[in-house]
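Student: Please take one part of this structure and look at it closely: the sheets, with the cysteines. Keep to residues and distances.

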Amino acid sequence: MWLLTQTNPPQDGSKPTIFRLPRGRSNVGRKDQPVLIAEKSVSRNHGYVTSDGKTLKVGDGGSKFGTHVDGKKVSSESEVQEGQVIRFGGREDGSADFRASKESVLIALTACGEKHAAFKTQALTCGLDVIGEHDAWPQVPIACVSTADPSKKKPFSVACLRAAALGVKLVQPSYLEAWQSRNPLSEAPPAVEDHLLPSSQLLQRIGESCASALENLRLVFVGDALGDLQHTLQSLGFKDQCPSVTRAQASATTLPACLRGFTGKVAVVSADPCFGPLAQPPRFFEAEKLVAALVDGAPLASVDAASLVPTPAPPAPAPKRSKRRTDETDD
């Protein structure tokens, strides 16, 4: 997101004006404009700034006192680099000078399909950076937009659980609408607390509910099945309860090392059926159902580890006896 920050704040001690720019064109002027600069030398329809998220350009609309970038007058349109100062109008005390900079405002989206596409478009238009349901999180987002509501059969997703693990607030789509409706663009960003998802209260004690669901249990993840959920649970402190094995280990005739000597309960997370001892425990393969069970806090369906009897290896085949040649004769 591009920012334009007033270089010389007002003498009354108030904070400098900051315009947080969305993508697209934002008109600049003294009255009734998104980039509103109440300075007499700024024309009512002074000019515009436009951004595609990566670059920023400024244009002059034939204003009386002009627009300058680092002292150079803009004749039509000029690209602006980070750190450069744009002066709108003819005032020289810095009150209408704005330094260009960029900041990352990262949000996560949990909705899928058409809703995800709509929310993503809305967020990008606002100038926000977006990570999707299954994307890696390069940094902790400021909020996670979700429509989850288990009471209305809209289950929590893995991203919701991840947000709870990291302390990220779950917010309603109205959070994006609040970003989009800012006018002028110097208005403060919307407060996350004003748009909290009502059902997010269920996730406030997610650590305790997961501990209850995983008590005395090994939830064995096979291969890369629901790997993002495993990582999230491990980040919540359940590394020992959520070991992983390879597909070959899951189908071997012997118990995986993570279950040898274990006397509790066992469940499996696998996209495909397992063979050998791990064919016996209940198998989870849908993220939504498993997340719902973890949020509920009730013990997961499982079997006793002691019941997982290793499958004996098949006996080695007897060596084949060579047939006597028909033309051989006994001495």
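Tutor: Buried means under 20% relative accessible area, exposed means over 50%, and partly exposed lies in between (1.4 Å probe, protein chains only). By that rule cysteine 144 is buried, because its relative accessible area is 0%. This is a predicted model, in which local features need pLDDT of at least 70 and side-chain atom pairs pLDDT 80 or more, while totals for chains, interfaces and linings use all residues. Numbering starts from 1 along each chain as its sequence is written, and side-chain values use heavy atoms, without hydrogens or water.

Cysteine 144 falls within strand E14, which covers residues 143–145. Strands here are DSSP runs of E, at least two residues long, numbered from the N terminus, and two strands pair if DSSP finds at least two bridges between them. Strand E14 runs parallel to strand E12 (residues 106–109), and three bridges join the two. One residue pair can be named: valine 145 in E14 is the bridge partner of leucine 109. Both strands belong to an open sheet of four strands with parallel pairing, ordered E13-E12-E14-E15. Strand E13 (129–131) and strand E15 (170–171) each have a single partner strand, so one side of each is left without a neighbour in the sheet.

As for the cysteines, zero disulfides (cysteine sulfur pairs within 2.5 Å) turn up in a search of the whole structure. For cysteine 144 the nearest cysteine sulfur belongs to cysteine 160, 5.4 Å away. For cysteine 258 that sulfur is in cysteine 242, at 11 Å. Cysteine 258 counts as partly exposed because its relative accessibility is 24%, whereas cysteine 144 is buried.

An open sheet of six strands is also present, with antiparallel pairing and the order E2-E1-E11-E10-E7-E8. Its edges are strand E2 (18–21) and strand E8 (72–73), each of which pairs on one side only. Within this sheet, E10 (residues 85–88) and E11 (residues 97–102) are antiparallel partners over three bridges. Valine 85 sits opposite arginine 99 in E11.

Glutamine 84 lies in the loop that separates strand E9 (77–80) from E10. Its side chain and that of aspartate 70 make a polar contact at 3.4 Å; such a contact is an N or O atom pair within 3.5 Å, where within protein one atom must be able to donate a hydrogen and the other to accept it, and sequence-adjacent residues count only if both are side-chain atoms. Leaving aside residues up to four places away in sequence, glutamine 84 touches (heavy atoms within 4.5 Å) Val69, Asp70, Glu79, Phe98, Arg99 and Ala100. Arg99 is thus listed among the contacts of glutamine 84 and also stands opposite valine 85.
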